[in-house]
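Here are some worked exercises to go through with the model open beside you. Try each task before you read its solution.

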Amino acid sequence: MSAPTLAAQVLDDDPIWLILIKVVAVFAFLVVLTLFTIWFERRVVGRMQHRPGPNRVGPFGLLQSLADGLKLAFKEDIRPVLADRWVYFLAPVISAVPAFLAFSVIPLGPEVSIFGEHTLLQLADLQVGVLVVLACSSIGVYGILLSGWSSGSPYPLLGSLRSAAQVISYEIAMGLAIVAVILFARSLSTTDIVAAQQGGWYIWILPVSFAVYAISMVGETNRAPFDLPEAESELVGGFHTEYSSLKFALFFLAEYVNMVTVSALATTMFLGGWLAPWPLSLWDGANTGWWPFLWFTAKTLGFLFVFVWLRGTLPRLRYDQFMRLGWKWLVPISLVWIVMVATVRTFRNTQGVTSGQILVAGGVILVLLLVLTLLIPEREAEEDPDAVHLAGDYPVPPLDLRVPRPKRRPALVTTDPREDPDGTA
């Protein structure tokens with residue numbers, strides 16, 4: 001096993017009371033940020049649709065999310081007769097717990113002093129921290145799948161199966177997007193990835209990985225325009241149709257905490273984590289003390305705004321379009337990008353090869369690929385004589401349609417029962 005990092009050594013010296021304070025603080029941070037995101041989403045979408053949004057409960061309607069949560073807690077808890085009792089009860093818990101657990105490896109800031117104890121603004125620093133986040137997001141889908149199966153209803157089951165296929169498809173693209181970051185940072189630790197971006201954020205160095213991750217994280221969290229597991233026009237309410245009261249609230253909480261977690265991971269991997277943006281980075285104290293926590297929160301809120309922006313702008317995709325985007329575009333692009341990144345890293349580590357030579361070689365390869373693409377002759381599409389012709393969006397018969405003549409039916413011969421009393425005719 002490799003030696004523990006300096007950050008891990010600092011966290012290992014934390015007393016028990018400080019660890020408990022961090023656990024409570026992370027839990028409170030996620031809950032408060034969830035309540036704020038719900039209010040923020042309703043206000044922003046209301047602004048896009050020329051309406052005020054929540055504005056009655058508390059100043060600017062800030063307490064509306066808290067009031068809705070209290071209302072859910074006092075609603076009647078209904079369990080379907082055909083539901084599997086224990087699985088039906090555990091499914092929301094399985095969805096919510098991994099969402100909170102994944103945030104434990106996210107670095108929120110540098111070393112600070114809390115009640116005289118020097119520690120990091122991070123709950124745990126693991127050498128495989130990125131894999132922990134991916135594993136927790138994978139476990140969360142089991143809660144969705146079990147909720148649909150245990151409800152004893154067809155529509156929740158269809159929604160849960162959609163969610164399982166969706167998460168598997170887009171987790172592959174998300175994992176491939178992270179591979180390029182790991183190749184540059186040479187570590188799976190989230191703390192090391194932030195430290196490796198002091199010379200430049202990976203959003204500028206790895207733009208393709210960032211684009212693939214940004215699309216994949218929307219599909220991973222089942223958010224619009226990829227909210228197919230909750231398509232109310234097709235599946236009533238999706239996998240949580242039969243849930244009410246606090247069980248439904250846990251699913252709602254898990255969705256928004258997952259949004260915060262993938263946004264925080266995107267900030268960590270591509271936007272420098274808690275490192276101050278330019279021109280604030282020119283200030284000597286920008287990356288010390290508690291200021292980095294403010295920069296980290298602002299970057300995360302920027303990603304949450306993109307979630308809300310997409311929901312208020314784009315319509316829901318069809319399921320075949322959604323799966324085609326994941327398997328035929330994101331995964332192949334990620335594989336080609338990883339090969340290119342690995343090739344560039346290999347040449348850079350080779351002595352005697354300059355960056356200019358690498359750029360020239362890459363440009364020559366790109367030109368050759370473009371020339372080959374232009375030289376390939378286009379295959380003419382063969383017309384199918386039985387194909388249905390379209391006029392706009394409506395199928396119409398072709399002009400040379402010939403309707404076959406109906407075959408003549410043989411005349412029915414009826415026999416008078418008085419003439420055939422034995423019924424032999």
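**Exercise 1: two helices side by side**

α6 and α9 are roughly antiparallel to each other, a label that goes to angles over 145 degrees. A word on the ground rules: this is a predicted model, where local features need pLDDT of at least 70, side-chain atom pairs count only at pLDDT 80 or more, and totals for chains, interfaces and linings use all residues. Residues are numbered from 1 along each chain as its sequence is written, and side-chain values use heavy atoms, with hydrogens and water left out.

Task: work out the crossing angle of α6 and α9, its hand and the residues in the contact.

Solution, step by step:

1. Take the axes, which are lines fitted to C-alpha atoms, for helices over the stretch in contact, with angles from 0 to 180 degrees between N-to-C directions. Those of α6 and helix α9 (residues 207-220) come within 8 Å and cross at roughly 155 degrees. Helices here are DSSP runs (H or I, at least four residues), and strands are E runs of at least two, numbered from the N terminus.
2. Now the hand: the crossing of α6 with α9 is left-handed, that is, the near helix is turned anticlockwise from the far one by less than a right angle.
3. List the contact (heavy atoms within 4.5 Å). On the α6 side you find Gln 166, Val 167, Tyr 170, Glu 171, Ala 173, Met 174, Ala 177, Ile 178 and Ala 180, and they meet Ser 209, Val 212, Tyr 213, Ile 215, Ser 216, Met 217, Gly 219 and Glu 220 of α9.
4. Sort by class: 11 nonpolar, four polar and two charged residues make up the contact of α6 with α9. Ala, Val, Leu, Ile, Met, Phe, Trp, Tyr, Cys and Pro count as nonpolar, Asp, Glu, Lys and Arg as charged, and the others, Gly among them, as polar.

**Exercise 2: another helix pair**

Task: find the angle at which α4 and α5 cross, and the classes of residue in their contact.

Solution, step by step:

1. Helix α4 (residues 85-101) and helix α5 (residues 129-150) have axes that come within 8 Å and cross at roughly 165 degrees. That makes α4 and α5 roughly antiparallel.
2. The hand of the crossing of α4 with α5 is left-handed.
3. The contact draws on several residues, including Val 87, Tyr 88 and Ala 91 of α4, along with Cys 136, Ile 139 and Gly 140 of α5.
4. By class, the contact of α4 with α5 comes to 12 nonpolar, five polar and no charged residues.

**Exercise 3: helix lengths and a lysine**

Task: check the spans of α6 and α11 against 1.5 Å a residue, then say whether Lys 247 is buried or exposed.

Solution, step by step:

1. The expected span is 1.5 Å times one less than the number of residues. For the 32 residues of helix α6 (residues 154-185) that should give 46 Å, and the end C-alpha atoms are 46 Å apart, which agrees.
2. α11 has 26 residues and reaches 38 Å from its first C-alpha to its last, close to the expected 38 Å.
3. Look at cover: 20 of the 26 residues of α11 are buried, so the helix is mostly covered. Buried means under 20% relative accessible area, exposed over 50%, partly exposed in between (1.4 Å probe, protein chains only).
4. Lys 247 is found in helix α11 (residues 245-270). Its relative accessibility is 13%, so Lys 247 counts as buried.
5. Leaving out residues up to four places away in sequence, Lys 247 touches Asp 77, Tyr 88, Phe 89 and Pro 92.

**Exercise 4: odd backbone angles**

Task: where do positive phi values and cis peptide bonds turn up around Arg 186, His 50, Pro 225 and Pro 279?

Solution, step by step:

1. Recall the background: most residues other than glycine have a negative phi, and most peptide bonds are trans.
2. Arg 186 comes just after α6 and has a positive phi of about 60 degrees. With a relative accessible area of 59%, Arg 186 is exposed.
3. His 50 has a positive phi near 60 degrees too. His 50 sits in the loop between α2 (16-48) and α3 (64-73) and is exposed, at 77%.
4. The bond from Ala 224 to Pro 225 is cis, with omega near 5 degrees, and Pro 225 is in the loop between α9 and α10 (232-235).
5. Trp 278 and Pro 279 are also joined by a cis peptide bond, with omega about 10 degrees. Pro 279 is in the loop between α11 and α12.

Definitions and conventions: Parallel < 35°, antiparallel > 145°, perpendicular 65-115°, else oblique.
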